[in-house]
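Hello,

Here is the structure I promised to pass on. My notes on it follow below.

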Amino acid sequence: MGMTRKTRYLDEWIHVPLCNIGEKLFHYTTAEGVQGIVENKQFIATKSDFLNDKLEFVYSLEVLNKLIDTYIVDKEFGRRLYRSIKDEMDELAIITPSCETFCVQEKEHVSFYVVAFSKQENSALLWAEFTDFKGYCLGFDYEKLERGFSGRSFLHGTVIYDEEAQVTCLLEALLSCIRTAVEQGFTEVEDFFEDATQIGEEALRGISKDMAMICSVYAMFFKGEFFKGEEEYRFVFSPLMDERGGRPRFRILDQMFLPYIMVEFDGADIPIPLESVTVGAKNNSDIAVRGVRSFLMGQGLSIPVKLSDIPLRY
């Protein structure tokens, strides 16, 4: 029997699973997307609150509420804890509700932009969602892809969909925050999960600040179970003005303006780590596969190209 691989995480406190060396990631896109990625070595990163999940980045607050409701016995203290963490998260301003109808220019530097991949190749769900079975599924080497983004700030990891796993992630983080507070001399937090909890404001503020940062990072990688079929692996970027990408641009989709930034793949002499291309099942013209193969060869890429074998009638 082979050895079981140890799961790698984003951080010691933040247990967002990372890909393993040798794994592939898949990106579903249009012909224009393929052209931009291969010719310009650039990916479109969409602003987080304009993605397909309208609770994107705010869903973690529901998980936090579930954690507190489940494990905090003193309900009045639970409400106090939630308000304190939420206030600290608002101060960080990483989470922007998708229902906001205004933009604050001064806070644009704390916005986040996402390039979405999947661990699923040739997924009927993702073909339907992103390309209506007419686009392309691009397969990339994970390790080379990660290295290629190293020229700018980003986080990356596997999206977590299971609510029980999400609550466990926040519980482990809360326990770590409590241990840190005890080490700092706030011994009253040892009664954190007891009835009639007496936690001072200074201790509560310290735990809330740590939990706010942790919850804000987890917010980038928590989604509802409705989306679990996507098996998403995402790269999350910040459009800091002193980095490449600059201010957000806008593209039109179904008569809507969607903000995005361009994320460059580094290394002028390094080819994009594209390892396979699958053509959508509806794109079944005899020249579809030949055309993209010819395009790739013209870019110096000799990689497998095939037509999706999903059996669509129409």
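Start with Val 115: its bridge partner in β6 is Phe 235. This is a predicted model, so please read everything here in that light. The bridge belongs to a longer pairing. Strand β3 (residues 113-118) and β6 run antiparallel and share six bridges.

β6 also pairs with β5. Those two strands are antiparallel as well, with five bridges between them. One contact point to look up is Thr 158, whose bridge partner in β6 is Tyr 233.

How much of β6 is covered? Six of the six residues in this strand (232-237) are buried. Glu 232, Arg 234 and Val 236 point one way. Tyr 233, Phe 235 and Phe 237 point the other way. Both sets are buried, the Glu and the Arg included.

Now the helix I would look at next, α7. It covers residues 201-218, 18 in number. From first C-alpha to last it reaches 25 Å, close to the 26 Å expected at 1.5 Å a residue. Its buried residues include Ala 203, Leu 204, Ile 207, Ser 208, Met 211 and Ala 212. Towards the end of the helix, Ile 214, Cys 215, Ser 216, Val 217 and Tyr 218 are buried too. What lies over them? The cover includes α2 (59-71), α3 (75-92), β5 (154-158) and α6 (163-183).

That leads to the cores. In soluble globular proteins, nonpolar side chains tend to be buried together. Here the largest nonpolar core has 42 residues. The residues with the most contacts inside it are Leu 170, Val 189, Phe 192, Ile 207, Met 211, Tyr 218 and Phe 222. α2, α3, α6 and α7 each supply at least two residues of this core. Apart from it lies another core, of 34 residues, and Phe 235 of the β3 bridge is among them. Cys 19, Ile 261 and Val 292 are also in that second core.

Which residues does Leu 170 touch? Leaving out residues up to four places away in sequence, they are Ser 60, Val 63, Leu 64, Leu 67, Met 211, Cys 215, Tyr 218 and Phe 222.

Finally, the overall numbers:

- The protein has eight helices and 10 strands.
- Of its 314 residues, 47% count as buried.
- Among contacts with a separation of 6 or more, 78% are between residues 24 or more positions apart.
- The accessible surface is about 16,600 Å², and 51% of that belongs to carbon and sulfur atoms.

Best regards

Note on methods
Residues numbered from 1 in each chain as written. Predicted model: local features only at pLDDT ≥ 70, side-chain atom pairs only at ≥ 80, totals over all residues. Heavy atoms only, no water. Helix = DSSP H or I, 4+ residues; strand = E, 2+ residues; numbered from the N terminus. Expected span 1.5 Å × (residues − 1). Buried < 20%, exposed > 50% of the residue type's maximum accessible area, 1.4 Å probe, protein only. Contact = heavy atoms within 4.5 Å. Pairing = 2+ DSSP bridges. Core = buried A, V, L, I, M, F, W, Y, C linked by side-chain atoms within 4.5 Å. Areas by Shrake-Rupley, 256 points an atom, 1.4 Å probe, with all protein chains shown as cover.
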